[in-house]
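I sat down with this one to see how its parts fit together. My notes follow, in the order I looked things up.

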Amino acid sequence: MLRFYIICTSLLLLLAGCELPPKNQISAGLTTHKTNDSVGVANEEYVMVTTAVTMPMYVNHDQAAFKRWGEARKVKVSILGPADWDVPAQINTIEEVIGTKPTGLLINGTDPAIAQVINKAVAAGIPTVVYDSDIPGSNRHAFLGTDWYEIGKMQGEEIVKLTGGKGKIAYMGILGLVNMEQGFEGLLNVLKKYPEIEVVGKYDDKANVEEAARITSDILSAHPDIAGICGFDSNSGPGIALAVKEAGKAGKIKITTVDWEPEHLQLVKEGVIQMLAGQKRELFTWYGAQFLYDMVHRTNPLAQNDAEAGITSVPYNINTGLLKITSENVDQFINR
Amino acid sequence: MIHKILESRVYSLSILLVLAALITSVIFPSTFPTFENFSQILLNLSVDTIVAVGMMLLLISGAFDLSVGSVLAFTGCLTAYLMHFFGFPVPLALTIGLLGAFMIGWVNGYLIAYQNINPMIQTLAMMGIVRGCALMVSGSGIQNLPYWFNAIGQSKLLGIQMPIWYMLATVGCFTFLTSKTIFFRRYYYIGSNERAADLSGIQVKKMKMVAFIISAMLAGLSGILLSSRLGAALPTMGRGLELRVITAVILGGATLTGGYGKIPGAFLGALFMGLVSNIMVIARVSGYWQEIILGLILIATLWLDKYLQKKYSEIG
């Protein structure tokens with residue numbers, strides 16, 4: 001009998017110690033500095049957390065601009081995140097960074113699943129800006145990026161123009177990523193308006209040049225009359241272009257893709273790729289960091305306490321727009 | 001005492017962990033030695049540890065499973081798919097999800113144990129098949145999961161988030177099983193000398209199949225926990241998990257040839273890797289350097305362990 005009471009009491013104590021997750025998180029007041037100078041406080045630290053931190057596109061655009069911003073403002077900037085595309089690892093890194101109370105957090109919006117950890121950062125009073133893709137359901141203070149649906153739409157409209165609205169089209173990217181699926185949707189919504197266009201396949205190139213080239217070779221074997229191919233990740237374009245060049249069909253098969261790394265620009269110059277849908281990635285992180293800075297320094301105070309007033313004193317949603325790079329303007333980007 | 005430390009990876013790794021934690025506490029007194037940070041370290045490694053327990057069992061028996069990361073993703077996505085698109089109640093969706101993991105483990109185990117297919121080839125092939133299935137089921141991922149499903153991974157008990165408790169329960173349960181029960185202790189015999197184990201009457205094939213099923217079920221459980229913690233099921237979950245887990249398990253005392261290793265070693269190996277990652281985040285070590293430093297530390301740790309064991313055999 002005594003054992004029964006001990007077990008019951010233990011279970012009740014355990015239940016008393018049980019805490020269910022909150023249904024909504026409340027934002028805490030932001031940590032602000034009273035200085036309103038254009039130069040930051042030396043102990044301020046702004047942290048960028050991304051995934052695939054070593055990806056050349058991120059290094060050359062996002063991270064380079066973020067570092068330049070840190071030097072200009074004379075504040076410390078740190079870049080953290082897993083080397084590979086690993087969203088749970090990015091979430092773990094953000095969780096660990098929150099515990100170190102950085103001045104501001106700049107987060108790459110890689111997947112809607114990071115909404116909870118963004119809310120945790122906001123609830124901890126850390127100014128938090130999301131860039132690249134927006135995170136619905138998050139309480140982020142601001143977002144800067146491009147609409148991936150528009151990237152798909154731009155590619156769709158261009159490939160229709162290049163092929164005269166008829167022929168076989170294939171497309172590839174990383175399957176399963178939210179922003180890329182939105183891009184695919186944008187492309188397909190344009191193509192479905194043209195009955196003479198036949199979409200012959202959607203392929204996963206795993207963000208790998210060799211894989212993109214292998215898939216393209218297979219497409220060329222299965223469909224020698226393919227009219228155009230669209231790419232959606234940074235490595236799609238170089239891979240598609242490689243296979244098309246090797247098949248001796250450069251210029252005959254129309255290629256549109258994303259990003260504007262030096263190799264992409266060179267392929268446009270050579271006439272292998274006809275159009276690049278580029279993002280203004282430098283603007284994401286430069287202005288994202290500046291938004292954090294302005295929130296911390298209350299550069300434009302709109303209320304006595306922004307959090308209590310339920311507002312942010314920086315733009316809530318910024319679409320930085322797209323770059324359309326073709327043979328006509330490619331030199332401008334090569335020689336920048 | 002010194003003999004024990006030199007003899008067992010569990011002891012030497014524990015001492016290394018304590019030393020690393022003490023040094024880091026001195027260097028970063030305001031950010032490292034806090035309850036929140038330690039909870040976060042344990043939470044971040046909980047999924048890896050649960051998978052590592054299954055992998056340790058397999059490595060003790062002389063096999064390994066490369067499909068665990070894909071099984072994790074598939075189970076999480078399948079469970080989420082059933083709840084989100086078909087309105088299945090949480091317990092039923094969980095049961096079907098785990099049943100899916102069971103079936104994958106059974107297929108792996110049957111083909112490897114009874115059809116003599118090489119474990120690396122079989123589980124590598126299964127890794128691709130199951131990842132494809134996860135992509136088919138979830139597309140770009142499934143959000144807005146039921147509150148009570150999210151509560152599995154987001155609730156707290158005594159201030160500590162539930163995945164940590166599940167991890168401790170799994171480690172405790174399998175530590176008991178592998179150290180106190182005849183059935184599980186036979187895995188050491190199988191891993192040391194499979195033919196001798198077979199001749200002595202142990203049902204080697206059946207036991208190997210059971211080990212693959214347990215490994216897949218634990219990966220499935222981790223998939224459910226991770227989806228529940230994130231509040232979303234992503235087809236990209238668990239990418240690269242297999243290598244991370246095998247590294248942790250080998251660091252924890254297992255060998256690729258089988259017959260060695262203890263379940264607490266799997267936990268300590270994962271804890272060591274989690275601790276190193278955490279220290280690098282707190283020290284703001286750039287992402288470029290993290291992989292290099294982690295690799296160098298792993299090599300140094302294993303070399304130190306071999307050196308200590310050599311010294312031990314010289315003393316002994």
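**Domains of chain A.** I began with the domain split: chain A is divided into domain 1, made of 28–146 plus 281–320, and domain 2, covering 148–279. I bear in mind that this is a predicted model. Between the centres of the two domains of chain A, taken over C-alpha atoms, I found 32 Å. How many residues are in contact between domain 1 and domain 2 of chain A? Eight residues of domain 1 touch nine residues of domain 2. On the domain 1 side, helix 2 (residues 56–73) of chain A gives the largest share, three residues. That side divides into three nonpolar, three polar and two charged residues.

**The open sheet.** Next I traced a sheet in chain A and found six strands in the order 8-7-9-10-11-13, open and with mixed pairing. Strand 8 (197–204) and strand 13 (322–325) of chain A stand at the edges with a single partner strand each, so one side of each has no neighbour in the sheet. On average, neighbouring strands here are turned by 15° against each other, direction ignored. I then looked at one pair: strand 7 (residues 167–173) and strand 8 of chain A run parallel and are joined by seven bridges. In this pairing G167(A) stands opposite I197(A) of strand 8.

**Helices on the sheet.** Which strands does helix 6 of chain A lie across? I noted strand 7, strand 8 and strand 9 (226–231) of chain A, with the helix running at about 170° to strand 7. Helix 8 (residues 236–246) of chain A lies across strand 7, strand 9 and strand 10 (254–258), at about 160° to strand 10 of chain A.

**Chain A against chain B.** For the contact between the chains I have 36 residues from chain A and 37 residues from chain B. On the chain A side, the elements giving two or more residues are strand 1 (18–19), strand 3 (76–80), helix 3 (87–98) and helix 6 (178–191). Helix 3 of chain A gives the largest share, eight residues. By type, I read 19 nonpolar, 10 polar and seven charged residues on that side. Strand 1 of chain A also pairs with strand 1 (residues 156–157) of chain B, antiparallel and over two bridges. There C18(A) stands opposite L157(B).

**A helix in chain B.** Last, I checked helix 11 (residues 204–230) of chain B: its 27 residues reach 39 Å from first to last C-alpha, close to the 39 Å expected. Is helix 11 of chain B enclosed or exposed? I found 23 of its 27 residues buried, so helix 11 of chain B is largely enclosed by the rest of the structure. G231(B) follows this helix, with a positive phi near 75°.

Technical notes:
Residues numbered from 1 in each chain as written. Chains lettered and ligands numbered in written order. Predicted model: local features only at pLDDT ≥ 70, side-chain atom pairs only at ≥ 80, totals over all residues. Contact = placed C-beta atoms within 7 Å. Helix = DSSP H or I, 4+ residues; strand = E, 2+ residues; numbered from the N terminus. Nonpolar A, V, L, I, M, F, W, Y, C, P; charged D, E, K, R; others polar. Pairing = 2+ DSSP bridges. Domains from an automatic or database assignment. Expected span 1.5 Å × (residues − 1). Buried ≥ 20, exposed ≤ 12 C-beta atoms within 10 Å, placed from the backbone. Axes fitted to C-alpha atoms, helices over the stretch in contact; angles between N-to-C directions.
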